Amino acid sequence: MRPFRFGAVVRHADSAKAWAEQARRLESSGFDVMLVPDHLVGARFAPLPALAAAATATTRLRLGTMVLANDFRHPAALAKELATLDVLSDGRAEPGIGTGWLAADYAAAGRVLDPPGVRVERLAEALAVLKGLWGEGPFVHEGTHYRVDALDLHPKPVQRPHPPLLLAGGGPRLLRLAAREADSVNLASRVRADGSGPDPADGGLDAFLAKIAIVRQATSRPVELGTSILELGEGGPEAWSHADTSAMADTPQVLRGTRHDIRDKLRHWRDEHGLTYFVLHHERDLDTFAPVVEDLA
């Protein structure tokens, strides 16, 4: 049984000092990973510079993304940026990667939002490029979406063979890709093909259990399983999350009740279903969730 791990998504701060204090607060509270999202719209930092700044303020805290949008960056450039972050943090980079999905991001940047199948195919190819460039010696790739011509990338990441990769998603194609290629899988809501938000038909316990089954059936490797906590205590969901949590009460994405109720529910999902990595989605819930982390970390 894997131990529990806990992460928290942090979006922005008013100053460099406040950002460093936020990172140190997570580290001192027992959280394992600080995660920054990747969207062009909304008030949030660019993830990789923000994580580099957090690295200088901490010593243990791991540095992740929830999640990088693959369509925004060529994987050769991303491989170099992530390897640099890994070196500068002494091996604490823990990147999460997804296809990119939010229609507002694409529209604001004048980009075409391709169908989900195309985006998943492109992500699969990008993962091959990332892993190839993090390996030893020159790497060559001739694919449908990317070409790399004998690039010997430096620096190499500290973590070998590469930093642990997290993939997040809820659709079967992406979950099967994650099962094959990722070290950690964040079970999320499937989003609509048009990028307008989560698919309301994907909520509920049965849908969540089906995602676990897809991952288990797609690989025999030991893959870390987890999900994001969208609603905690009695606060209700934050509007920007896009998620309607009304059907999620029986899943670990909604944790209601006392500190002990929440702790017992997380233990149930670990013991019965193998979920061990839980990510707090809303910064406002840090004070409520910190005692649970203290109990279980």
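## Aromatic pairs

Phe-31 and Phe-289 are both buried. The model is a predicted one. It contains 7 aromatic pairs. Phe-31 and Phe-289 make one of them, a tilted pair with ring centres 6.3 Å apart and planes at 45°. Phe-31 sits in the loop between α1 (16-28) and β2 (33-36), and Phe-289 sits in helix α9 (residues 286-296), so this pair ties together parts that are 258 residues apart in sequence.

Phe-72 and Tyr-106 form another pair. Their ring centres are 5.8 Å apart and their planes meet at 55°, so this pair is tilted. Phe-72 lies in the loop between β4 (68-69) and α3 (75-88), while Tyr-106 belongs to helix α4 (residues 103-108). The two residues are 34 positions apart, and their pair links distant parts of the chain. Tyr-106 has a relative accessibility of 1%, so it counts as buried.

Ring pairs also build a cluster. Its members are Phe-4, Phe-6, Phe-31, Phe-278 and Phe-289. Phe-31 and Phe-289, the tilted pair described above, thus appear in this cluster as well.

## Overall fold

The protein has 9 helices and 14 strands. Its radius of gyration is 18 Å, close to the 19 Å given by the globule rule for 297 residues, so the protein is as compact as a globular protein of that length. Along the principal axes, the C-alpha atoms fill a box of roughly 55 × 40 × 40 Å.

Of the 297 residues, 55% count as buried. Sequence-distant contacts carry much of the count. Among contacts with a separation of 6 or more, 69% join residues 24 or more positions apart.

## Surface and charge

The accessible surface comes to about 12500 Å². Carbon and sulfur atoms account for 53% of that area. The protein has 34 positive and 39 negative charges. The mean positions of the two sets are 2 Å apart.

## Val-279 in strand β14

Val-279 is part of strand β14, which spans residues 275-280. Its relative accessible area is 0%, which is under the 20% cut-off, so Val-279 is buried. Beyond its neighbours up to four places away, Val-279 touches Gly-7, Val-9, Leu-35, Met-66, Asn-186, Thr-227, Ser-228 and Ile-229.

Met-34 is 245 residues from Val-279 in sequence. In space, the two C-alpha atoms are 9.2 Å apart.

## Two buried loop residues

Asp-202 is in the loop between β10 (184-187) and α7 (205-218). With 6% relative accessibility, Asp-202 counts as buried. Setting aside neighbours within four places, it contacts Ala-188, Ser-189, Arg-190, Ala-207 and Lys-211.

Gln-253 is in the loop between β12 (231-232) and β13 (254-255). Its relative accessible area is 5%, and Gln-253 is buried. Leaving out residues up to four places away, Gln-253 touches Leu-187, Ala-188, Ser-189, Phe-208, Thr-227, Ser-228, Ile-229, Leu-230, Glu-231 and Met-248.

The contact lists overlap. Ala-188 and Ser-189 touch Asp-202, and they also touch Gln-253. Thr-227, Ser-228 and Ile-229 touch Gln-253, and these three also touch Val-279.

Notes:
Residues are numbered from 1 along each chain as its sequence is written. This is a predicted model: local features need pLDDT of at least 70, side-chain atom pairs count only at pLDDT 80 or more; totals for chains, interfaces and linings use all residues. Side-chain values use heavy atoms; hydrogens and water are left out. Helices (H or I, at least four residues) and strands (E, at least two) are DSSP runs, numbered from the N terminus. The radius of gyration is taken over C-alpha atoms; the globule rule is 2.2 Å times the number of residues to the power 0.38. Buried means under 20% relative accessible area, exposed over 50%, partly exposed in between (1.4 Å probe, protein chains only). Contact means heavy atoms within 4.5 Å. Accessible areas come from the Shrake-Rupley method with a 1.4 Å probe; for residues, only the protein chains shown count as cover. Lys and Arg count as positive and Asp and Glu as negative; His and the chain ends are not counted. The place of a charge is taken as NZ of Lys, CZ of Arg, CG of Asp or CD of Glu. Rings of Phe, Tyr and Trp (its six-membered ring) pair if their centres lie within 6.5 Å; planes under 30 degrees apart count as stacked, over 60 as edge-to-face and the rest as tilted.
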